[in-house]
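Please work through the exercises below with the sequence and the coordinates at hand. Each task is followed by a stepwise solution.

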Amino acid sequence: MELVTPQLGLIFWQLVFFGILFFLLAKFAWKPILGSLQEREHQIQSALDLAEKTRADMAKMQSDNQKLLAEARAERDSILKAAKESADRIIAESKDKATVEGKRIIEDAREAINNERVALVAQMRKEMVTISLDIAEKVLRKELSDKTSQEKLVADLAKEARLN
Amino acid sequence: MKNISIRLFVLFLFLSALATPSVRAEEPHKHGEEEKFNAGEMIMHHVADEHQWHFATIGHTHVTLPLPIIIYDTNKGLKIFSSSHFYHSADGTHEGYKMEHEHISALDGAKLYDFSITKNVASLIISFILLLTIFFTVAKSYKSRSGKSPKGLQSALEPIIVFIRDEVAKNNIGEKHYRRFVPYLLTLFFFIWINNLLGLIPGGANLTGNIAVTLTLALITFFVVNFNGKGTYWGHIFAMPGVPKWLLIIMTPVEIVGVFMKPFSLMVRLFANITAGHIILLSFLSMIFIFESLAVSPAVAIFSTFINLIELLVAALQAYIFTVLTASYIGAAVEEHHH
C-alpha cells in the first residue's frame, strides 16, 4: 500500500534537512538559549541564596538586638535597684544618725536641765535657809522682846541640850 | 515579534514568486462525464505525497505550484525538470519518464531513484526555514536581553524549552547524562510540533503523517539510543539479571525484538495519529459531497472545527509523546548499574 511505503527521496531529504536543522539549532540556538537559561537560573538561585542569607543575618541581628536590649534592661534594673538600695541605706543611716543625735541632744538637754535644777535647788535651799534664818531671826526678835520669854527659851534650850 | 512577521512576510513573498501558479484548465474529457465523487480516493490523495503543490481548485481551474523532479537514472544519471511537464502532458510522460499515481518510472525500464522535491519535501524546507528563523530570533533575544526577563516570542517558547529540558530530558535520562541529549530532544519536539501544525493548515502537506518521515525520525532515535547504550542496557537485553538461565532463551529474543520495536512503535504512532487526524477531518468534509446537500454543512462545520481543535492538541501531544519516549529510551540506555 502506498501510504505505508516509505519513499527513498523523502527519507533522504528528511535526513539531510533534519541533520542540518539539528546541527544549526544545536550550535546557534540551543547552546546560547540553554546557556543563558542556566546562567539566569544561577543568578536567580544566588539572588535567592543572598536574600536567604540576608534574612538570616537580619534575624540574627534582631535576636542580638533583643539580647542587647534585654541586657540593657537588666542592667538598668540592677542600677535602679542599687540606687534604691543605696538611697534606702543612706536614708536609714541618716535616720539612725538623726535618732542618735536627737537622743544625744535630748540627753544633753536633760543633763543640762538636771544640772540647772540641782543648782537651782541648791540655790533655793541656800536662799530658803537665809530666808528661814531671817524669818527665824525676826520671829525670835519679836518673841524675845520681853525678858520672861527670853529666859524661858534659854531654859528650854538648856533642857534640850542636856538631854542630848 | 514585528521583526519575525516581516521576515515571514518576505518568506511568503519569496515563495509566491517561486510559485508562478500554473493555472491550467482541467482536461476536457474529465468534466464531460459527471464524475462520481470518491471520498476514499480524495482522502488518500490528500494524505499522500505528490510532485506538485495543489492549493485550490476554482471552478475547473487548478491553482498549483509545480515542484522540481529530481531523479537519478542508473543509465542516464541525474535528471532535473519541473513536475509540470508530467502534469501537462496528455499521457503523463516526459523525456522518456512516465509518472503514474505520483510514481515515476523510466520507459526504458532503467532503475530510478526519485529524489524529487515533492510537496512534503517543500513543506519540510518551509518548516526548516521557519524553525531556524524562530529559534535564531529567540537565541538572539537571549543574547541581547541577557540577565533580563524574557519577552515576546522568547517568553512564549521559554516554558516549553525549560519543560523539555527539565521534565522530559532530566526526568527520563537522569541528572548525569541529560545535558548531552537536550539539543536533540528540543530539535525533535519542535520539528514534529511545527510540522504537525503546518499539516493542519488547509492545503498544507501531511509531513509528519508520512511514514518516510516518521521512519527517519525513529531511525535517528534508534541510533542515538543504541550508540549510547551502556553495559547495563546491553546486560538487560542479553542477560537479564535475576532471571533463571533457561528463561533467557525466551527473554533474550524478546528483548532483542524490543530494541527494534521501540523505534518501530515511535514510527507507527506518529504516522498513524497524524494521518488518522487528517483522514477524520477529510471524511467529515467529504460528507457534504457524499450527501450532495448544503444542509449537512452546518453539522460538518461544527464537527470539523471540533476535530481541528482536537488535532491542535494532538499536534502538541504527539510531538511530546515522541520526545518523551525518545528520552525514556535514551534514559534506559545510559542508565548505569546501581544494584
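The exercises treat confidence, chain shape, the interface, a helix and selected residues.

This is a predicted model, in which local features need pLDDT of at least 70 and side-chain atom pairs count only at pLDDT 80 or more, whereas totals for chains, interfaces and linings use all residues. Residues are numbered from 1 along each chain as its sequence is written, while chains are lettered from A and ligands numbered from 1 in the order in which they are written.

**Exercise 1. Confidence**

Task: State the confidence scores of the model and find where in chain B the pLDDT is below 50.

Solution. Step 1: the model scores ipTM 0.84 and pTM 0.74. Step 2: pLDDT is the predictor's confidence in each residue, from 0 to 100; its mean over chain B is 85, with 89% of the residues at 70 or more. Step 3: the pLDDT is below 50 over residues 12-33 of chain B, a stretch that has 18 contacts in the model beyond near neighbours in sequence. Two residues are in contact if their C-beta atoms, placed from the backbone, lie within 7 Å. Where pLDDT is low, the predicted coordinates should not be read in detail.

**Exercise 2. The shape of chain A**

Task: Compare the radius of gyration of chain A with that of a compact globule of 164 residues.

Solution. Step 1: the radius is taken over C-alpha atoms, and the globule rule is 2.2 Å times the number of residues to the power 0.38. Step 2: the rule gives a value near 15 Å, but chain A has 65 Å. Step 3: the C-alpha trace of chain A spans about 200 × 30 × 25 Å along its principal axes. Step 4: chain A contains 2 helices and 0 strands, where helices (H or I, at least four residues) and strands (E, at least two) are DSSP runs numbered from the N terminus.

**Exercise 3. The interface**

Task: Describe the side of chain B that touches chain A.

Solution. Step 1: 29 residues of chain A are in contact with 39 residues of chain B. Step 2: among the elements of chain B that each supply at least two residues to this side are α2 (39-47), β9 (112-114) and α7 (211-227). Step 3: α4(B) gives the largest share, 13 residues.

**Exercise 4. Helix α9 of chain B**

Task: Compare the span of helix α9 (residues 245-291) of chain B with its expected value, and locate its bend.

Solution. Step 1: the expected span is 1.5 Å times one less than the number of residues; for the 47 residues of α9(B) this is 69 Å, and the helix reaches 64 Å from its first C-alpha to its last, close to that value. Step 2: α9(B) bends by about 30° at B:Met251, and B:Pro253, a proline, follows within four residues. The bend is the angle between axes fitted to the seven residues ending at a residue and the seven starting there.

**Exercise 5. Three residues**

Task: Classify B:Asn273, B:Glu95 and B:His101 as buried, partly exposed or exposed.

Solution. Step 1: a residue is buried if 20 or more other C-beta atoms, placed from the backbone, lie within 10 Å of its own, exposed if 12 or fewer, and partly exposed in between. Step 2: B:Asn273 is buried because 21 other C-beta atoms lie within 10 Å. Beyond its neighbours within four places in sequence, B:Asn273 is in contact with B:Val314 and B:Gln318. Step 3: B:Glu95 has 13 C-beta neighbours inside 10 Å and therefore counts as partly exposed. Step 4: B:His101, with 10 other C-beta atoms within 10 Å, is exposed. Step 5: B:Glu95, not a glycine, has a positive phi of about 50°, and B:His101 has a positive phi near 50°.
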